Amino acid sequence: MTDAAWIDAALTSARPQAVGALLRYFRNLDTAEEAFQNACLRALKSWPQNGPPRDPAAWLIMVGRNVAIDDIRRSKKQEALPEDEAISDLDDAEEQLAERLDGSHYRDDILRLLFICCHPDLPATQQIALALRIVSGLTVKQIARAFLVSEAAMEQRITRAKARVADADVPFETPGAVERSERLTSVAAMIYLIFNEGYSASGDTAEIRAPLCEEAIRLARLLLRLFQSEPEIMGLTALLLIQHARAAARFDADGAVILLDDQDRSKWNKSLIAEGLALIDKAMRHRRSGPYQVQAAIAALHARAEKPEDTDWTQIDLLYGALEIMQPSPVVTLNRAVAVSKVKGPQAGLDMIEPLAPRLSNYFHFFGVRGAFLMQLGRNDEARTAFDRAIALANTSAEAAHIRMHLDRLQRDSQPRGKKAGK
């Protein structure tokens with residue numbers, strides 16, 4: 001690894017720890033972020049000449065704090081002098097603040113930073129944008145590109161999020177055990193949303209938004225280091241790893257979606273799968289199941305199958321049944337219906353999803369699945385109607401193209417044998 005590559009990796013790795021500590025010290029997101037950026041500029045000048053420090057994060061925290069304090073002192077020169085009593089206490093106050101920073105627990109600093117990004121007053125879109133900017137260090141341009149919006153719009157979104165955090169008067173002290181437990185679910189959900197923003201992309205946007213998946217995995221690993229014995233965080237990390245392992249096989253050369261059963265499994269990333277499987281096995285030993293663990297276990301069953309016909313659909317059906325109890329949702333039931341159809345046939349799957357129609361009347365995947373079941377049952381006219389509705393609801397051109405493949409197949413099947421269309 002070159003010096004430049006090592007420095008970049010060190011700065012990226014140290015960012016959450018350093019920004020979290022500086023945030024607690026200055027109690028202002030913009031000041032903490034600016035202090036870290038200034039420390040990074042100093043690092044780019046110092047480290048290639050003097051060599052890397054033993055603890056890059058501690059170096060960045062100290063330098064960033066000192067630079068920011070100097071900036072604050074310079075700005076204060078334009079203000080009237082305080083009373084003599086206040087001046088005499090200034091050194092003591094600064095010493096106490098320094099001790100508070102230097103003696104801090106970095107684990108709590110990072111956790112606090114994540115908690116702030118997941119503040120309940122922020123909508124999910126702002127939580128994600130703020131986390132990618134503050135915790136991950138992505139530029140506004142990078143985030144805007146991933147979300148397919150203008151830089152100005154993303155800058156405004158992040159600015160509004162910071163303003164809400166400031167208005168909410170978020171405490172910067174070490175979070176207690178109860179708060180950690182309550183907010184950990186929010187942090188995990190935010191990381192999962194970041195991953196889905198990348199994973200759900202397709203066609204022309206897939207390559208642009210793929211870094212979001214990688215960043216979500218990095219954040220999940222970071223959270224796992226903070227909560228090494230928390231099985232749900234193991235499950236979340238395992239789920240993201242196994243899902244992302246299939247990235248190279250999910251789209252064809254034209255950007256069209258390739259379903260799981262049709263994917264070239266030799267393109268799956270074996271090392272990511274192995275890491276995910278080890279994590280889910282470790283999580284299961286804790287015997288405290290949760291939604292992320294169940295979803296990871298389902299993904300693991302797909303990953304362990306060398307061929308589509310080796311998939312244990314009976315076990316997947318049981319796992320989705322457990323997930324329905326934990327997180328009742330028509331989408332979970334829709335996914336379970338696919339497993340049921342593999343075990344008991346398409347009619348059983350169709351019977352399961354029919355009651356979902358009112359709640360999923362505007363959901364692309366509902367009509368795609370319904371059309372597939374109807375096509376397998378030979379009810380081609382009804383299947384065509386369902387596929388037409390799916391195309392109308394498609395979120396991307398790749399989704400629509402995938403459904404059109406089914407319609408083309410129905411068209412071919414409806415042609416009399418020995419004749420060609422148009423003849």
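Let's start inside helix α11, which spans residues 206–226: E215 and R218 sit three residues apart there, so about one helical turn separates them. In this predicted model, the two side chains form a salt bridge, with 3.0 Å between the closest N and O atoms. E215 is buried, at a relative accessible area of 10%, while R218 is partly exposed at 25%.

A similar theme turns up in helix α19, residues 380–393, where D381 and R384 are again three residues apart, about one turn of the helix. Their side chains meet in a salt bridge at 3.2 Å, N to O. Here D381 counts as exposed, because its relative accessibility of 60% is over the 50% cut-off. R384, at 25%, counts as partly exposed.

Now follow the chain back towards its beginning, where E33 and R15 are joined by a salt bridge of 3.7 Å, N to O. E33 belongs to helix α2 (residues 29–50) and R15 to helix α1 (residues 3–26), so this pair ties together parts that lie 18 residues apart in sequence. Both residues are buried. They also take part in a network of salt bridges that links R15, D30, E33, R133 and K162. In total, the structure has 14 salt bridges.

Stepping back, you will find 20 helices and zero strands in the chain. Of its 423 residues, 48% are buried. Among contacts with a separation of 6 or more, 64% are between residues 24 or more positions apart. The accessible surface of the chain is about 22,100 Å², and carbon and sulfur atoms account for 50% of that area.

Methods
Residues numbered from 1 in each chain as written. Predicted model: local features only at pLDDT ≥ 70, side-chain atom pairs only at ≥ 80, totals over all residues. Heavy atoms only, no water. Helix = DSSP H or I, 4+ residues; strand = E, 2+ residues; numbered from the N terminus. Buried < 20%, exposed > 50% of the residue type's maximum accessible area, 1.4 Å probe, protein only. Contact = heavy atoms within 4.5 Å. Areas by Shrake-Rupley, 256 points an atom, 1.4 Å probe, with all protein chains shown as cover. Salt bridge = Lys/Arg side-chain N within 4 Å of Asp/Glu carboxyl O.
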